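Please open the structure in a viewer and follow the stops below in order. Each stop names a selection and then states what is found there.

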Amino acid sequence: MTFPSKEYFSITEVASRWHRKVKDVEYCIENGLLNAHIKVCAVKLSPVANNNENNICRFTGCVKVLPEDCHIMFRHYKRTISELLSTTESKRMRLVQPEHIIITKVDLLIFLKDLQDFEQKYKLSCIQTELPLWDNSNPEPINNLTTHNDNDMLMIGHDVYTFGPLQAKIIKELYKAASTNNPWVLGKNLLMDSGARTQHLKDLFRSHPILARIKYRSKGYYCLMIT
C-alpha cells in the first residue's frame with residue numbers, strides 16, 4: 001500500500017530533495033523567497049491593524065512565520081515570536097493567548113505548493129522518480145548502520161550498538177562525517193535537525209555504551225570514533 005502524499009516538508013527534506021545544503025534552504029526562507037509555516041494549536045489571534053476584542057479568533061492550523069524571525073532563529077537556534085502571518089491573505093496576526101511562543105528550526109514546515117512554485121520559478125530540476133516525496137522502498141544501509149526488528153544497529157569493529165529513533169538520526173550524521181576528512185559536526189545542528197529537545201548532545205546518549213566513542217572539542221563540536 002502506497003503511503004499518502006505529503007502536504008508539507010521539513011527543511012532537511014527540502015535540502016535533500018534539491019541536493020542542496022540546509023543553509024541554502026535557510027537563505028531562501030529568511031529572504032522571503034520561500035514561505036515557512038508552523039503548526040499552532042488552540043491559540044488566540046488578532047489582526048495587528050485592529051485591536052478590537054471582537055476580532056480575536058481561536059485558531060488551530062498552519063500559519064506563516066515572518067522571514068525576519070526565521071533569520072534570527074537560524075542564527076540563535078530559537079526565536080520567541082509574538083506575530084505571525086495568515087496563510088491566505090498574509091496579514092500580520094498578533095498572538096493574544098499565549099502572547100509569545102518559541103520556535104526552532106524543527107518546527108518549520110514547507111508546503112508542497114510553495115515548494116513546487118519555487119521550483120518552477122527558479123527552474124529547479126526535480127524529477128518525481130528520482131526524488132520521490134515519499135520513499136516507499138526499503139532504505140539502503142548507511143555503511144554499517146542497519147535496521148533490525150525496528151531497532152537501528154551499528155557495528156564498529158566487533159562492537160554492536162542499538163539506538164532509539166532520535167539517537168539513530170544523530171549517529172547517522174556523525175558516522176557520515178567520520179568517513180570524511182572533516183569528522184567534526186556542530187552538536188546544536190545535530191540536535192535541531194533530529195528534533196531532539198535536549199540541550200547537550202551527550203545527554204541523549206547518557207549511559208549508552210556508544211558515548212565513549214563520541215568525542216567533544218571546543219565550541220560545541222562532536223565526532224564519532226569509528227576506528
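Display the whole protein chain as a cartoon: seven helices and 14 strands make up its secondary structure, where helices (H or I, at least four residues) and strands (E, at least two) are DSSP runs numbered from the N terminus. This is a predicted model, in which local features need pLDDT of at least 70 and side-chain atom pairs count only at pLDDT 80 or more, while totals for chains, interfaces and linings use all residues. Residues are numbered from 1 along each chain as its sequence is written, and side-chain values use heavy atoms, with hydrogens and water left out.

Of the 227 residues, 37% count as buried; buried means under 20% relative accessible area, exposed over 50%, and partly exposed in between (1.4 Å probe, protein chains only). The accessible surface comes to about 14,300 Å², and 50% of that belongs to carbon and sulfur atoms; areas come from the Shrake-Rupley method with a 1.4 Å probe, and for residues only the protein chains shown count as cover.

**The α2 and α3 helices**

Select residues 22–30 (α2) and 67–76 (α3), whose axes come within 8 Å and cross at roughly 150 degrees. Axes here are lines fitted to C-alpha atoms, for helices over the stretch in contact, and angles run from 0 to 180 degrees between N-to-C directions. Glu-26, Ile-29 and Glu-30 in α2 meet Pro-67, Cys-70, His-71, Phe-74 and Arg-75 in α3, contact meaning heavy atoms within 4.5 Å.

**Salt bridges**

Remain on α2 and show Lys-23 and Glu-26, which form a salt bridge with the closest N and O atoms 3.5 Å apart. A salt bridge is a side-chain nitrogen of Lys or Arg within 4 Å of a carboxyl oxygen of Asp or Glu. The two residues are three apart in helix α2 and therefore separated by about one helical turn. Is each partner buried or exposed? Lys-23 is exposed at 55% relative accessibility, whereas Glu-26 is buried at 4%. Add Lys-105 and Asp-193 to the selection: together with Lys-23 and Glu-26 they are linked in a network of salt bridges.

Next, select Asp-69 and Arg-79, a salt bridge with closest N and O atoms 3.0 Å apart. Asp-69 lies in helix α3 and Arg-79 in strand β4 (residues 79–81), so the pair ties together parts that are 10 residues apart in sequence. Asp-69 is buried at 6% relative accessibility, and Arg-79 is partly exposed at 26%.

Then move to Asp-107 and Arg-197, whose closest N and O atoms are 3.9 Å apart in another salt bridge. This pair links distant parts of the chain, 90 residues apart: Asp-107 is in the loop between β7 and β8 (110–111), and Arg-197 in the loop between α6 (187–194) and α7.

**Backbone geometry**

Most residues other than glycine have a negative phi, and most peptide bonds are trans. Centre on Gln-97 and Pro-98, which are joined by a cis peptide bond with omega of about -5 degrees. Pro-98 lies in the loop between β6 (92–97) and β7 (101–103).

Select Lys-123, a non-glycine residue with a positive phi of about 55 degrees. Lys-123 is in the loop between α4 and β9 and is exposed, with a relative accessible area of 71%. Ser-207 also has a positive phi, of about 70 degrees; its place is the loop between α7 (201–204) and β13 (214–217).
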